[in-house]
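Here is a short tour of a protein fold, written to be read with the model open beside you. Take a moment to turn the structure around, then follow along strand by strand and helix by helix.

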Amino acid sequence: MTGGCDVVVAGAGPAGSVAALCLARAGRRVRLLAPRPQDPTGLRRTDPYRIGETLPPAARPLLRDLGLLDGLDADGHLPCTGTDAAWGSEQPHGRGHVMDPHGHGWHLDRVRFDAFLRGAAEDAGARPVCGVAVRRTGRPGAWRLVIRERGVERELPCRWVVDATGRRAAIARQCAVRLRQDRLVAAYVLLAGPVPADQDLRTLVESAPRGWWYTARVPAGRLVAHLTDLDLVEPRLRTAAGFLEEAAGTRHVGTRLGGYAAGRLPEPRWAPAHGQRLARPTGPGWVAVGDAALACDPLSAQGILTALHTGARAAAAVDGSLRGEAGALAAYRAFVDGIAARYLALHAQAYADEARWVSLPFWARRRPSVAALPGGLTQG
């Protein structure tokens, strides 16, 4: 053992926290790396909301197996009872969870959810370390992870590194190619509330000529988001008034906004939303999880579910490798490849289902292209 640490998990989002939780329960000495919290939620005080709020019913068995389901249900998140989508036609069609064998999904308070998972990992024995992963040096079995905190860099010795640093894949990109699907970005606003009359607990999705919209009730109010390509962003979407006017002008999303627009309007915030994956999610002494391994277009509503599963599976692969199991990493690679193949097939079908604006740039770009790598991914 190097420096008394088996594994450093770089990143304390859902994937990193679940990986740290499972490794700690397996008896491994784990360090969980995250930026220094500024308040009890672990976010800067200027970050009251984090996008990425949908957790589908299929997460329930894993959360139950991890012993987290009761804590999640008691943590004040809202149920999600299904999805309505005006996609491919003007009228929305619905898919409810009433017949789902796993029950309902959730619309999460992501700040609270991430803190809950991080706390579970620490309770299991993962030791928190403040900082941001910069790079990795050394060799497999004797890594030195360079971390930065408050402008000062230092090294953290470990045998294994789990890269849970999101789309930037800060550690994995040193030795694995990132494949990018498109230039999708999300502009979003949280309308404070909730408004008592708003009792709709379904996600609403609506396609539009330059992209698509969605809205969902969350514990703090109502989220409204617009998805489009970075170079297609309309200037008016960058202002609070322009964003809300565009949202109100939609056929269906606009009907969910009544009562929320009073008072000061929040400025839109922005987040990358493009699909992305690593050409290989593992290597000697390292493994990538969550968005670092595979990031999904939000249309799939599978991002958090994928993060939870990759975190748990990666932990099993690392623990198996530390015990000398020759096929542990190969099994994890096959698992991620399977998720990626299913995601890409469903993504292609979903965008093909909207044929009303095939000649416009946003939709034309999502047609099959011979210039793209298999699955519509390009290097970048």
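## The six-stranded sheet and its helices

An open sheet with mixed pairing is built from six strands, in the order β8-β2-β1-β12-β21-β20. At its edges stand β8 (127–130) and β20 (282–283); each has a single partner strand, so one side of each is left without a neighbour in the sheet. Please keep in mind that this is a predicted model.

Strands of a sheet pair through backbone hydrogen bonds, in either the parallel or the antiparallel sense. Both kinds turn up here, as the table of three strand pairs from this sheet shows.

| Strand pair | Sense | Bridges | A bridge partner pair |
|---|---|---|---|
| β1 and β12 | parallel | four bridges | valine 8 and valine 161 |
| β12 and β21 | parallel | three bridges | valine 161 and tryptophan 286 |
| β20 and β21 | antiparallel | two bridges | threonine 282 and valine 287 |

Two helices pack on this sheet. Helix α1 (residues 14–25) touches β1 (7–10), β2 (30–34) and β12 (160–163), and its direction makes about 165° with that of β2. Helix α6 (residues 303–322) touches β1, β12 and β21, and its direction makes about 170° with that of β12.

β12 is worth a closer look. Valine 161 of this strand stands opposite valine 8, and it also has tryptophan 286 of β21 as a bridge partner. Which way do the side chains of β12 point, and are they buried or exposed? Trp160 and Val162 point one way, Val161 and Asp163 point the other way, and all of them are buried.

## Where the two helices meet

Two packed helices are described by the angle between their axes and the distance between those axes. For α1 and α6, the axes come within 7 Å and cross at roughly 35°. The crossing is right-handed.

Which residues make the contact? From α1 come Pro14, Ala15, Val18, Ala19, Cys22 and Leu23. From α6 they are met by Ile304, Ala307, Leu308, Thr310, Gly311, Ala312, Ala315, Val318 and Asp319. Sorted by type, the residues of this contact are twelve nonpolar, two polar and one charged.

## A three-stranded sheet

The chain also holds an open sheet of three strands, ordered β3-β7-β4, with antiparallel pairing. Its edge strands are β3 (54–55) and β4 (78–80), each of which pairs on one side only. β4 and strand β7 (residues 105–107) run antiparallel and are joined by three bridges. If you would like a spot to zoom in on, try cysteine 80, whose bridge partner in β7 is glycine 105.

## The chain as a whole

Now step back to the full view. The secondary structure of the protein chain comes to eight helices and 23 strands. The radius of gyration is 21 Å, close to the 21 Å that the globule rule gives for 380 residues, so the chain is as compact as a globular protein of that length. Taken along the principal axes, its C-alpha atoms fill a box of roughly 60 × 50 × 45 Å.

How much of the chain is buried? Of the 380 residues, 52% count as buried. Contacts also reach far along the sequence: among those between residues at least 6 apart, 73% join residues at least 24 apart.

Notes
Residues are numbered from 1 along each chain as its sequence is written. This is a predicted model: local features need pLDDT of at least 70, side-chain atom pairs count only at pLDDT 80 or more; totals for chains, interfaces and linings use all residues. Side-chain values use heavy atoms; hydrogens and water are left out. Two strands pair if DSSP finds at least two bridges between them. Contact means heavy atoms within 4.5 Å. Axes are lines fitted to C-alpha atoms, for helices over the stretch in contact, and angles run from 0 to 180 degrees between N-to-C directions. A crossing is left-handed if the near helix is turned anticlockwise from the far one by less than a right angle, and right-handed if clockwise. Ala, Val, Leu, Ile, Met, Phe, Trp, Tyr, Cys and Pro count as nonpolar, Asp, Glu, Lys and Arg as charged, and the others, Gly among them, as polar. The radius of gyration is taken over C-alpha atoms; the globule rule is 2.2 Å times the number of residues to the power 0.38. Buried means under 20% relative accessible area, exposed over 50%, partly exposed in between (1.4 Å probe, protein chains only).
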